[in-house]
Every structure is written in structure tokens, then in C-alpha cells.
Amino acid sequence: MDAVVLAGGGVEPQDPLYDYTQGRPKALLDIAGKPMLQWVLDALEAAPSVERLIVVGLDALTGFQAAKMSSLLPGQGGLLPNILAGLREVRRLNPTAEYTLLVSGDIPGITAEMVEWVIAHALDGEPFDLAYLVVPREVIERRFPASRRTYLRLKDTEVCGGDMQVVRTSLAETHTEIWERLIAARKNPLRQAQILGWDLVVKLLFRQLTVDEAVRLAARRLGVRGKLLLSPYAELGMDVDKPHQVELMRQALSARGPASPEASGG
């Protein structure tokens with residue numbers, strides 16, 4: 001399976017990480033002696049199921065090491081255009097590619113084992129269009145108790161969205177308008193629910209949906225076949241957006257031990 005790595009762009013002065021990056025791409029942020037993006041590339045390089053890497057969002061990869069690198073695409077003006085450009089590049093390289101792994105470039109804690117877990121669990125079972133990863137609150141907070149992430153409260157659990165998904169490659173050509181609206185609201189679950197329908201908002205507010213029901217209902221509203229991946233790995237939901245998260249990941253990766261569901265909070 002090919003992987004599209006979303007490396008983002010520069011950091012604006014109003015961004016919480018501006019003092020760390022001074023406007024340079026977040027992907028270059030030093031985490032325990034390596035650029036943040038290099039940690040992600042290393043995990044994908046070591047994952048046997050990943051064949052090629054397409055990095056989107058940077059103009060150059062000077063100083064990075066990535067033997068599986070096939071394409072480097074500049075930023076396309078936003079997250080959704082970056083995703084679509086990456087998926088189209090996968091189709092150009094391999095017109096028969098059924099699925100693509102989407103990976104955020106700001107999850108430096110991931111390992112090859114975690115990548116393999118996502119791919120194996122996504123491909124196990126019925127065909128799908130979108131395998132959506134979530135991480136339970138207890139998994140995150142057991143591993144990173146000071147992470148202060150935002151959680152969606154459901155009937156059976158509280159979860160945050162993961163930063164690695166498996167999608168049908170042909171989605172690059174469909175549903176772009178509603179994807180744009182959902183991505184714009186990605187930090188606000190209630191805004192996302194509003195886009196999908198007020199009945200979903202009500203059910204979320206009163207915690208009438210289980211996590212599996214929420215994913216299935218949202219997928220049906222989008223006109224796609226959805227699949228839930230409930231991650232045992234906290235690192236899959238630990239994107240670096242704020243200064244305290246930078247420090248958490250620096251500490252974690254400076255003293256990294258063996259990666260396993262048990263060690264990672266699962």
C-alpha cells in the first residue's frame with residue numbers, strides 16, 4: 001500500500017507553535033534530535049506493508065532520509081487539496097491502487113508496528129471506502145496524562161480522532177464539497193455533526209450514539225462505506241499542535257522503549 005504523508009506548510013504568527021518554528025514548516029520542528037517529519041518517515045520506511053511514500057506540503061526534503069520516497073508535492077493551499085493531490089499521485093503511480101494510507105506528518109511517536117496494525121485491521125473484513133481511526137481517552141491519558149486533547153463524548157466511550165486513515169484511492173474524485181466542509185470543522189466535532197445533520201447533533205449532545213454507530217451514520221450521510229478502527233496506540237492520536245505537546249513528545253522520544261499496545265497504553 002502506498003502512503004500519502006501530509007507534511008503541512010509554514011506556521012503563522014498566531015499559531016501556538018510560532019515561537020518554536022519562527023514560520024518555518026512544522027515538519028522541520030526538532031523532536032529529540034530529529035525533524036518531526038523524519039520520525040514519521042522512519043516509521044513508514046520500516047513498515048513492510050508500505051511500498052511508496054508521497055509527501056505533500058513541502059517544496060524540498062533536503063536533509064531527510066526516505067528510501068521509499070516516490071514523489072514530493074508542494075502544498076496545494078489547504079488540507080483537502082493536499083489530500084486530493086496525494087491520492088491522485090498514487091493513482092498516477094499505480095492506476096490499480098485500491099487503498100491508500102493517509103498519514104499526518106505531525107505524529108512523531110508512531111512506529112512501524114503501529115503502521116502495520118492500522119493497515120492490517122483496515123484490510124481485514126468487508127470492503128470499505130474510509131477506515132476511520134479513533135483513540136479512546138483512557139488509552140491517550142494512560143500514556144500521555146498531560147496531553148490535554150479534545151475528546152468526543154459518546155454513549156460508550158470518549159475518543160479523539162486519529163491521524164492515520166486508510167481510504168479508497170478513488171475518493172480523490174468524489175464528495176469533495178462535503179469533505180472540504182468537514183475538514184474545515186475537524187477540530188470541532190459538533191460542527192462536523194451539524195454538517196451531517198441536526199439529528200446527529202442531538203444524539204451526540206445526549207450521548208445516544210456509540211462510537212461504532214457514529215462512524216456508520218456519518219459514513220452513510222457522506223455516501224461512503226465507513227469502518228471504525230479503535231486504536232490501542234496513543235501515539236496514533238498524538239499530533240503536535242501546541243507547545244506542551246512538543247515537550248511531551250520530546251520527552252517520550254528521548255526515552256523511547258519498545259513499542260507495543262501495552263507500552264503505548266492499549
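Here are a few notes on a buried lysine and on some strand pairing in this predicted model.

1. Start with Lys227, which you'll find in strand β11, the stretch covering residues 226-230. This lysine is buried, yet it has no salt bridge. The nearest side chain of opposite charge belongs to Asp124, and that one is 6.1 Å away. A salt bridge here has to be within 4 Å, so Asp124 doesn't qualify.

2. So what does the side chain of Lys227 reach? One partner is the backbone oxygen of Ala122, at 2.7 Å. Another is the backbone oxygen of His121, which lies 3.3 Å from a polar atom of the Lys227 side chain.

3. It's worth clicking through the surroundings of Lys227 too. Leaving aside neighbours within four places in sequence, its contacts include His121, Ala122, Leu123, Asp124, Gly125 and Glu126. Phe128, Leu130, Ala131, Tyr132 and Val215 are also in contact with Lys227.

4. Leu130, one of those contacts of Lys227, takes us to strand β7, which spans residues 130-136. Strand β7 runs antiparallel to β9 (residues 158-161), and three bridges join the two. For a spot to look at, try Val134: its bridge partner in β9 is Gly161.

5. Strand β9 also pairs with β8 (residues 152-153), again antiparallel, through two bridges. Which residue of β9 is the bridge partner of Arg153? That would be Glu158. If you trace the chain from β8 to β9, you pass through a hairpin of four residues that joins them.

Technical notes: Residues numbered from 1 in each chain as written. Predicted model: local features only at pLDDT ≥ 70, side-chain atom pairs only at ≥ 80, totals over all residues. Heavy atoms only, no water. Buried < 20%, exposed > 50% of the residue type's maximum accessible area, 1.4 Å probe, protein only. Lys, Arg positive; Asp, Glu negative; His and termini not counted. Polar contact = N/O pair within 3.5 Å; in protein donor to acceptor, adjacent residues only side chain to side chain. Contact = heavy atoms within 4.5 Å. Pairing = 2+ DSSP bridges.
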